[in-house]
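Thanks for coming. I will put the structure up and then go through it piece by piece.

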Amino acid sequence: MQQIPEQDGCVTIVGGGYVGLALAAYLIINGRSVVLVEADPERRHALAQGEMPIYEAGVGPVLAQAVEESALVVTGDLGRALDATRMAFIAVGTPSGAGGDPDLTAVASVVSDLRVHAKPGTVVVLKSTVPPGTTRRFAGQLRGEPFPLSVVSCPEFLREGTALQDMHSAARHVIGGDDDEAMARVAEVIGSPGTPVIMTDSTSAELIKYGSNSFLALKISFANELANFADQVGADIVQVVEGMGLDPRIGAEGMHAGLGFGGCCLPKDVRALMGAARQHATPFRSLEVAMQVNAGQRMLFTEKIRQALGGRLEGRRVAVLGLAFKAGTDDVREAPSLDVIQYLLGHGAELTAHDPCAIGKAAPVLPPHVRLTPDPYDCLSGADAVAIVTEWPEYVRLDWDRALPTMRQPVLVDGRNCLDPVAMARLGFDYHAVGRPSARSPRQPGTVTPTRVGQPREGDQ
Ligand code: UGA
């Protein structure tokens, strides 16, 4: 059994998911030791061998080395962890439960275990995303006999795929609670040079998290509605967003039009905020619309594929490039690919699919007759159309010239606007995107030469 390091800076993290593991790596890089409490025996076993159960850039090597150097100890025993540490981060999942409200069962269970095992002076830090008022409620439960424990809210703002980078250069740390000393201790542990720390009450901290994710979702849905309008009037959404984003009050970041938002966070947190707002009789109408637009975006994309194939999907082979909900992760939770695939299959298409990283996670949740392949060229071979569903750099760098002659038809539908329309048309593709004019190959009979859509033509400055 691994020894828990005797060190003042040693902290407990409960939950070995994306947040818990990225937090562990960040703290270890900053010179701390971590005791990771993971309930799932398989995951625990893998982690204790230094193996990552998830893909997250940069995290795996840090944790593997930390296991070797005993800076990371993995256990299923919270009591053992709390014997050695005086700060416990709760980083367990809060998935959408019935009716869209987050299921807090895992958090509640950790809180009741903490009541049993924590030592006097332990600070409990709630990293899991929870509805406004939750930290205050749990703090009430941990305030009583035999001794009071301080509970602090410290929401997480990392993005999957860039988690470590986001932690090191965070826009802000938010710490909420009513115990100044406990909050200062948390700031010391998670702070990074140059990053502002916002100290507030715990309910405001929780609402900063929900408000941030919901606003990001609104921004994406706005960009997508604008893109759909751009499609109608022949504008280029990429240039439109660039032009809008130069206004510092708007900002182009997080405003890429395409297939909409997925993953385990934005959709779940928007639903949770809508649910909480409804309970307080202040319905969040803009978020309801943002969710509707988001669902519609996936359907509009598949409709584009159908139209590009002359209005018929039946018997057509479509190559789906990308299964992860975004590039840089193997996570397929609420991924647009799942809806796109269902729709295409439902309309009689035959599917092959590729992802550089997420095939293992996608396979159990996809219908068995989707042919999954680890080779993108194999995926494209014999296809009537290729649909880009995740913006992996591998697809931008693909040797499209090599792939084109192996396809039955040169139809390319780019759901992430990640390729250059003019360059793809020049190669011979019939290129379609979201909110950008289509570009057809001058080689195809009866097609028009592409007009200028965002990228400079040869000879342009
Ligand atoms: C999101 C937030 O960005 C983080 O700040 C937050 O900490 C995290 O949720 C969380 O609550 O844990 P994440 O879900 O990892 O992070 O990913 P994002 O990069 O925000 O992307 C979310 C979805 O929106 C993806 O499906 C992505 O493809 C889509 N998206 C993102 C767009 O369609 N357009 C954009 O401009 C940006």
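Which residue follows α13, and what is the sign of its phi? The residue is G348, and its phi is positive, near 90°. Before I go on, please keep in mind that this is a predicted model.

Staying with that helix, α13 runs over residues 336–346. Its buried residues are P336, S337, V340, I341, Y343, L344 and L345. What covers them includes one helix, α12 (285–308), and two strands, β9 (317–321) and β10 (350–354).

Now the ligand. It is surrounded by 21 residues, and the closest are L158, E160, K209, N213 and H256. Two of those closest residues also appear in the list of backbone contacts. For E160, a backbone N or O atom lies 2.7 Å from an oxygen atom of the ligand. For H256, a polar backbone atom is 2.7 Å from a ligand oxygen. G262 also takes part through its backbone, with an N or O atom 2.9 Å from an oxygen atom of the ligand. On its own the ligand has 710 Å² of accessible area, and the protein covers 89% of that.

Where does the shell come from? Two elements, α9 and α11 (266–279), give two or more residues to it. The most comes from α9, with 4 residues. Sorted by class, the shell has 9 nonpolar, 5 polar and 7 charged residues.

That brings me to α9 itself, which covers residues 202–233, and to its contact with α6, residues 134–141. Two packed helices are described by the angle between their axes and the distance between the axes. Here the axes come within 7 Å and cross at roughly 140°. On the α6 side the residues are T134, T135 and R136, and they meet S202, T203 and E206 in α9. This contact has no nonpolar residues; it has 4 polar and 2 charged ones.

I will finish with three single residues.

The first is S150, in strand β6, which spans residues 150–153. Is S150 buried or exposed? It is buried, because its relative accessible area is 17% and the cut-off for buried is under 20%. Leaving out residues up to four places away in sequence, S150 touches T122, V123, V124, D179 and A182. With D179 there is a polar contact between the two side chains, at 2.4 Å.

The second is Y377, in helix α15, residues 376–380. Y377 has 19% relative accessibility, so it counts as buried. Again leaving out residues up to four places away in sequence, Y377 touches L398, D399, R402 and A403. The side chain of Y377 reaches the backbone nitrogen of D399 at 2.9 Å. As for R402, it is 25 residues from Y377 in sequence, and their C-alpha atoms are 8.2 Å apart in space.

The third is D430, in strand β14, which runs over residues 430–432. D430 is buried as well, because its relative accessible area is 7%. Which side chains does the side chain of D430 contact? One is H432, through a polar contact of 2.9 Å. Another is R440, with a polar contact between the side chains at 2.8 Å. Along the chain, D430 and A385 are 45 residues apart, and their C-alpha atoms are separated by 9.4 Å.

That is what I have for today.

Technical notes: Residues numbered from 1 in each chain as written. Predicted model: local features only at pLDDT ≥ 70, side-chain atom pairs only at ≥ 80, totals over all residues. Heavy atoms only, no water. Axes fitted to C-alpha atoms, helices over the stretch in contact; angles between N-to-C directions. Contact = heavy atoms within 4.5 Å. Nonpolar A, V, L, I, M, F, W, Y, C, P; charged D, E, K, R; others polar. Near = heavy atom within 4 Å. Polar contact = N/O pair within 3.5 Å; in protein donor to acceptor, adjacent residues only side chain to side chain. Areas by Shrake-Rupley, 256 points an atom, 1.4 Å probe, with all protein chains shown as cover. Buried < 20%, exposed > 50% of the residue type's maximum accessible area, 1.4 Å probe, protein only.
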